[in-house]
Amino acid sequence: MPETTTLPVVGQREIAAGHFELILSRDERLGEPAPGQFISVACRDHRSFDPLLRRPFSFYRVDRESFSIVYRVVGRGTEI
């Protein structure tokens, strides 16, 4: 079963209208991301199951201490 972890948000910035880069702190348990890998993000409060499904995102940038994903707000999950 895939490992679940909570990562702190380092920052977020709007890179175009409705498009954002979300920067997360990197955890050594995640290993070294390789091309084609993605991360599943639960877009909800840890006390809730709404929305139920996670959102898959590919890695955008990776460095020693953080990584980022780019997303576009298209619905309730990415709006949260």
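**Exercise 1. The first hairpin**

β1 and β2 form a hairpin with two residues between them, and Gly18 in its turn has a positive phi of about 80°. The model is a predicted one. Describe how strands β1 and β2 pair, and identify the bridge partner of Ala16.

*Solution.*
Step 1. Strand β1 covers residues 9–16, and its pairing with β2 is antiparallel over six bridges.
Step 2. Ala16 has His19 in β2 as its bridge partner.
Step 3. The turn holds Gly18, whose phi is positive.

**Exercise 2. The overall fold**

State how many helices and strands the protein chain contains, and give their pattern along the sequence. Then describe burial, contacts and surface for the chain.

*Solution.*
Step 1. The chain has one helix and six strands.
Step 2. Along the sequence these elements follow the pattern β-β-β-β-β-β-α.
Step 3. Of the 80 residues in the chain, 25% are buried.
Step 4. Among contacts with a separation of 6 or more, 45% are between residues 24 or more positions apart.
Step 5. The accessible surface amounts to about 6,200 Å², and carbon and sulfur atoms contribute 53% of that surface.

**Exercise 3. Strand β2 and its partner β6**

Determine how many bridges join β2 to β6 and in which sense the two strands run. Name the residue in β6 that is the bridge partner of Leu24.

*Solution.*
Step 1. β2 and β6 run antiparallel and are joined by seven bridges.
Step 2. The bridge partner of Leu24 is Phe67 in β6.
Step 3. Leu24 and Phe67 are also both members of the largest nonpolar core.

**Exercise 4. Aromatic pairs**

How many aromatic pairs does a search of the whole structure find? Classify the pair Phe20 and Tyr71 and the pair Phe59 and Phe67, and state the burial of each residue.

*Solution.*
Step 1. The search finds three aromatic pairs.
Step 2. The ring centres of Phe20 and Tyr71 are 5.6 Å apart and their planes lie at 25°; the pair is therefore stacked, since planes under 30 degrees apart count as such.
Step 3. Phe20 belongs to strand β2 (residues 19–25) and Tyr71 to strand β6 (residues 66–72), so this pair ties together parts that are 51 residues apart in sequence.
Step 4. Phe20 has a relative accessibility of 19% and therefore counts as buried. Tyr71, with a relative accessible area of 12%, is buried as well.
Step 5. Phe59 and Phe67 form an edge-to-face pair, with 5.2 Å from centre to centre and 65° between the planes.
Step 6. Phe59 is partly exposed at a relative accessible area of 22%, whereas Phe67 is buried at 2%.
Step 7. Phe20, Phe57 and Tyr71 form one aromatic cluster.

**Exercise 5. The nonpolar core**

List the residues of the largest nonpolar core, and say which strands each supply at least two of them.

*Solution.*
Step 1. The core has eleven residues: Leu7, Phe20, Leu22, Leu24, Ile39, Val41, Cys43, Phe57, Phe67, Ile69 and Tyr71.
Step 2. Strands β2, β3 (38–41) and β6 each supply at least two of these residues.
Step 3. Outside its neighbours within four places in sequence, Tyr71 is in contact with Gln12, Gly18, His19, Phe20, Leu22, Phe57 and Thr78.
Step 4. Val41 lies in strand β3. With a relative accessibility of 19%, Val41 counts as buried.
Step 5. With neighbours within four places set aside, the contacts of Val41 are Arg54, Arg55, Phe57 and Ile69.

**Exercise 6. The helix and a loop residue**

Locate Thr78 and Asp27. For each residue, decide whether it is buried or exposed, and list its contacts beyond four places in sequence.

*Solution.*
Step 1. Thr78 is placed in helix α1 (residues 76–79).
Step 2. The relative accessible area of Thr78 is 12%, so Thr78 is buried.
Step 3. Beyond four places in sequence, Thr78 touches Phe57, Tyr71, Arg72 and Val73.
Step 4. The C-alpha atoms of Thr78 and Val41 are separated by 9.8 Å, with their positions 37 residues apart along the chain.
Step 5. Asp27 lies in the loop between β2 and β3.
Step 6. At 11% relative accessibility, Asp27 is also buried.
Step 7. Beyond four places in sequence, Asp27 touches Thr5 and Leu7. Of these two, Leu7 is a member of the largest nonpolar core.

Note on methods:
Residues are numbered from 1 along each chain as its sequence is written. This is a predicted model: local features need pLDDT of at least 70, side-chain atom pairs count only at pLDDT 80 or more; totals for chains, interfaces and linings use all residues. Side-chain values use heavy atoms; hydrogens and water are left out. Rings of Phe, Tyr and Trp (its six-membered ring) pair if their centres lie within 6.5 Å; planes under 30 degrees apart count as stacked, over 60 as edge-to-face and the rest as tilted. Helices (H or I, at least four residues) and strands (E, at least two) are DSSP runs, numbered from the N terminus. Buried means under 20% relative accessible area, exposed over 50%, partly exposed in between (1.4 Å probe, protein chains only). Contact means heavy atoms within 4.5 Å. Accessible areas come from the Shrake-Rupley method with a 1.4 Å probe; for residues, only the protein chains shown count as cover. Two strands pair if DSSP finds at least two bridges between them. A nonpolar core is a set of buried Ala, Val, Leu, Ile, Met, Phe, Trp, Tyr and Cys residues joined through side-chain atoms within 4.5 Å.
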